Amino acid sequence: MEKFNRTLRGYDPEEVNNFLDKVIAQVEGMISESKEKDAKIAELQKLEIENKGLKEKLLQYERMEATLNKTIMMAQKTSEQVRVSTQKESEAILEEAKRNASRIVNEALLRAEKTEQEANMLRRNINIFKRRVRDIVEAQLEVVNEMDQVEL
């Protein structure tokens, strides 16, 4: 604390004025410093608000990235499932085609065998018919020969 010299009517006015000037300068310095600090605090609060906004945007982008990653994974799984399903379906179609081809070949073999049996039966019938016709013709020839022998 400052001590003032006493004069006739109280304290020395020059010393008091000098002291008041010092106090005023200190108070003005403190006010200026306070204003600077308030400005810095306001700026920091503003930056903090911006920082919060950026953090929220970052969280939003991270959620979007996670969602996109999940979507990509699902698309890959779906693609793999479609590929496997298509492969199974193509294998099933191929197996059915093989069975159908085998069935068609078997049916063709059976028809060919049946046709061959029918052809063999026709040959036998033709041979039998030829023998009968030959027998009839021979019998008729004998009749003609007998008629030749019998002269009228």
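These are my notebook entries on a predicted model of one chain.

**Entry 1: confidence**

I started with the pLDDT values. The chain averages 91. I noted that 94% of the residues score at least 70. Next I went through the elements. Which element has the lowest mean pLDDT, and which the highest? Strand β1, residues 6-7, has the lowest, at 68. Helix α1, residues 13-149, has the highest, at 93. I turned to helix α1 for the entries below.

**Entry 2: distances along the helix**

I looked up some C-alpha separations.

- Q26 and R134 are 108 residues apart in sequence, and I read 157 Å between their C-alpha atoms.
- K22 and N100 are 78 residues apart along the chain, with 113 Å between the C-alpha atoms.
- E28 and D12 are 16 residues apart in sequence, and their C-alpha atoms are 24 Å apart in space.

I then placed some of these residues. Q26 is in helix α1. So is R134. K22 lies in helix α1 too, and E28 is found there as well.

I also checked how open these side chains are. Q26 has a relative accessible area of 54%, so I filed Q26 as exposed. K22 comes to 53%, so K22 is exposed. E28 stands at 52% and therefore counts as exposed. The cut-off I needed here is over 50% for exposed.

**Entry 3: salt bridges**

I recalled the general point first. Side chains of opposite charge can pair when their charged atoms come close. How many salt bridges does the model hold? The count comes to three. I took them in order along the chain.

First I took K37 with E33. Their closest N and O atoms are 3.4 Å apart. Both residues lie in helix α1. They are four residues apart, about one turn of the helix. K37 has 48% relative accessibility, so I put K37 down as partly exposed. E33 has 42%, so E33 is partly exposed.

Then I took E80 with R83. The side chains meet in a salt bridge at 2.5 Å, N to O. Why are E80 and R83 separated by about one helical turn? Because they are three residues apart in helix α1. E80 has 38% relative accessibility and so counts as partly exposed. R83 has 44%, so R83 is partly exposed.

Last I took E107 with R103. I read 3.2 Å between the closest N and O atoms. E107 and R103 both lie in helix α1, four residues apart. That spacing is about one turn of the helix. Is E107 buried or exposed, or in between? E107 is partly exposed, because its relative accessibility is 33%. R103 has a relative accessible area of 41%, so R103 is partly exposed.

**Entry 4: surface patches**

I moved on to the patches.

The nonpolar patch came up with F129, V133, V137 and L141. I noted its area as about 360 Å². I checked L141 in particular. L141 is placed in helix α1. Its relative accessibility is 46%, so L141 counts as partly exposed.

Which residues form the positive patch? K130, R131, R132 and R134 form it. I had already met R134 in the distance entry, paired with Q26 at 157 Å, C-alpha to C-alpha. R134 is found in helix α1. With a relative accessible area of 47%, R134 is partly exposed.

The negative patch is formed by D135, E138, E142 and E146. I checked E138 here. E138 lies in helix α1. Its relative accessible area is 41%, so E138 is partly exposed.

**Entry 5: what I keep**

I keep helix α1, residues 13-149, as the element with the highest mean pLDDT, 93. I keep the three salt bridges. The N and O atoms are 3.4 Å apart for K37 and E33, 2.5 Å for E80 and R83, and 3.2 Å for E107 and R103. I keep the nonpolar patch with F129 and L141 among its residues. I also keep the positive patch, including K130, and the negative patch, including D135. Against strand β1 I leave a note: its mean pLDDT is 68.

Terms used
Residues are numbered from 1 along each chain as its sequence is written. This is a predicted model: local features need pLDDT of at least 70, side-chain atom pairs count only at pLDDT 80 or more; totals for chains, interfaces and linings use all residues. Side-chain values use heavy atoms; hydrogens and water are left out. pLDDT is the predictor's confidence in each residue, from 0 to 100. Helices (H or I, at least four residues) and strands (E, at least two) are DSSP runs, numbered from the N terminus. Patches are made of residues with over 30% relative accessible area and no salt bridge: like charges are joined within 9 Å, nonpolar side chains (Val, Leu, Ile, Met, Phe, Trp, Tyr) within 5 Å. Accessible areas come from the Shrake-Rupley method with a 1.4 Å probe; for residues, only the protein chains shown count as cover. A salt bridge is a side-chain nitrogen of Lys or Arg within 4 Å of a carboxyl oxygen of Asp or Glu. Buried means under 20% relative accessible area, exposed over 50%, partly exposed in between (1.4 Å probe, protein chains only). Lys and Arg count as positive and Asp and Glu as negative; His and the chain ends are not counted. The place of a charge is taken as NZ of Lys, CZ of Arg, CG of Asp or CD of Glu.
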